[in-house]
Amino acid sequence: MSRVGWIRLAVIGTAIGLLEISCRLGLIDHRVVIPPSEMVDALLRLLISGQVNDQIARTFGIVTATVLISVVLGFALGVVIHALPRLRETLDPFFATYYAVPIFIFYPVMIAIFGLSAIPILLMGVATALVAMIIATLNGLDRIPRILTKVARMHQMGRLSTTLRLKLPAAAPHLFTGVKLVVSYSFIAVIASEFILAPAGLGRIISDAYSDFDNRRMYALMLLLIVVATLVNMTLHTLDQRWAARRGLVKS
């Protein structure tokens, strides 16, 4: 592990230790926040009991589907839009202001059309994450050096070969940034949607636990989401760093 990695672990460990001590000494009311050790204990008991395993599978299944759809569809739309300059010129102002509009205002409409099922949550997740992938794809394709096209012509490479062997590797760092944003937006959109009106899922259970003052269950599931989201993002960050190191962009 690099020096930066150890520093990160030290910062996280210190923060957890301070929170544990503050809760144990009564500096933080137990009714507000429980000690991290109790969160871990409550989470392990929940997982062992199997009471929420189906809800965990439901939520993470929707997140996974949201990520896959957003990445594939966002990349495809980005390629098409990049190939049609007039269409891109028309859509650029829309992309620039897209996240200024709260997507969740459309959730009641989704509920009215599709009912209280997983479909509205999936659609909200895709609607939130899709544009990030489109923008990342456009940025990546914009930054492909023109010299690569000239090299492909010199070697009489076909369009497919040029795309797979030259253009995609050159655009890969920007595409990977889009994937990381899609993952983050997918988690946010799915959990937030479950909080609002969903009949099931981790967001719904956390909301119910909050209403019932069940701090152990609430913080246990919040901890689960934090750990999973952190591990996924750390994995993607590590892969991104290794890719950059192989390309000579950062020190390995």
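The expected span of a helix is 1.5 Å times one less than its number of residues. In this predicted model, helix α4, residues 85-97, offers a convenient place to apply that rule. With 13 residues, α4 should span 18 Å, and its end C-alpha atoms lie 19 Å apart, which agrees. The agreement in length goes together with a change of direction along the way: α4 has a kink of about 40° at leucine 91. The kink comes shortly before proline 93.

The overall architecture can be set out briefly. The protein contains ten helices and zero strands, so that, read from the N terminus, its elements run α-α-α-α-α-α-α-α-α-α. Along the principal axes, the C-alpha atoms fill a box of roughly 70 × 50 × 30 Å. Of the 252 residues, 37% are buried.

Helix α6 (118-142) can be examined in the same way as α4. For its 25 residues a span of 36 Å is expected, and the end C-alpha atoms are indeed 36 Å apart. A bend of about 30° is found in α6 at alanine 129. At the start of this helix, a side-chain oxygen of serine 117 comes to within 3.4 Å of the backbone nitrogen of isoleucine 119.

Isoleucine 119 also takes part in a surface feature. Together with Val109, Ile113, Phe114 and Leu123, Ile119 forms a nonpolar patch with about 430 Å² of accessible area in total. Two helices, α5 (107-114) and α6, each supply at least two residues of this patch, and α5 gives the most, with three. As a general point, an α-helix has 3.6 residues a turn, so residues three or four places apart point the same way. Among the patch members, leucine 123 lies in α6. Leucine 123 counts as partly exposed because its relative accessibility is 30%, and the partly exposed class runs between 20% and 50%.

Turning to charged side chains, the structure holds nine salt bridges. One of them pairs arginine 31 with aspartate 29, the closest N and O atoms being 2.8 Å apart. The two partners fall into separate accessibility classes: arginine 31 is exposed, at a relative accessible area of 70%, whereas aspartate 29 is partly exposed, at 32%.

A second salt bridge joins aspartate 41 and arginine 216, with an N to O distance of 2.9 Å. This pair links distant parts of the chain, since aspartate 41 sits in helix α2 (residues 36-49) and arginine 216 in helix α10 (residues 215-246), 175 residues apart. Both partners are partly exposed: aspartate 41 has a relative accessible area of 31%, and arginine 216 likewise has 31%.

Helices α4 and α6, described above for their spans, are also connected by a salt bridge. The side chains of arginine 88 and aspartate 142 meet at 2.5 Å, N to O. Because arginine 88 lies in α4 and aspartate 142 in α6, the pair ties together parts that are 54 residues apart in sequence. Arginine 88 counts as buried because its relative accessibility is 18%, under the 20% cut-off. Aspartate 142, by contrast, is partly exposed, with a relative accessible area of 38%. Elsewhere, salt bridges with shared partners join Glu20, Arg24, Glu38, Asp41, Arg45 and Arg216 into one network. The pair of aspartate 41 and arginine 216 thus belongs to that network.

Two further residues complete the picture. Phenylalanine 213 is found in the loop between α9 (202-211) and α10. Its phi is near 60°, a positive value in a residue other than glycine. For context, most residues other than glycine have a negative phi. Phenylalanine 213 is also exposed, with a relative accessible area of 72%. Isoleucine 196, for its part, belongs to helix α8 (residues 159-196) and is partly exposed, with a relative accessible area of 41%. Isoleucine 196 and phenylalanine 104 are separated by 92 residues in sequence, while their C-alpha atoms are 9.3 Å apart in space.

Conventions:
Residues numbered from 1 in each chain as written. Predicted model: local features only at pLDDT ≥ 70, side-chain atom pairs only at ≥ 80, totals over all residues. Heavy atoms only, no water. Patch = residues over 30% accessible without salt bridge, like charges linked within 9 Å, V, L, I, M, F, W, Y side chains within 5 Å. Areas by Shrake-Rupley, 256 points an atom, 1.4 Å probe, with all protein chains shown as cover. Salt bridge = Lys/Arg side-chain N within 4 Å of Asp/Glu carboxyl O. Helix = DSSP H or I, 4+ residues; strand = E, 2+ residues; numbered from the N terminus. Buried < 20%, exposed > 50% of the residue type's maximum accessible area, 1.4 Å probe, protein only. Bend = angle between axes of the 7 residues up to and from the residue. Polar contact = N/O pair within 3.5 Å; in protein donor to acceptor, adjacent residues only side chain to side chain.
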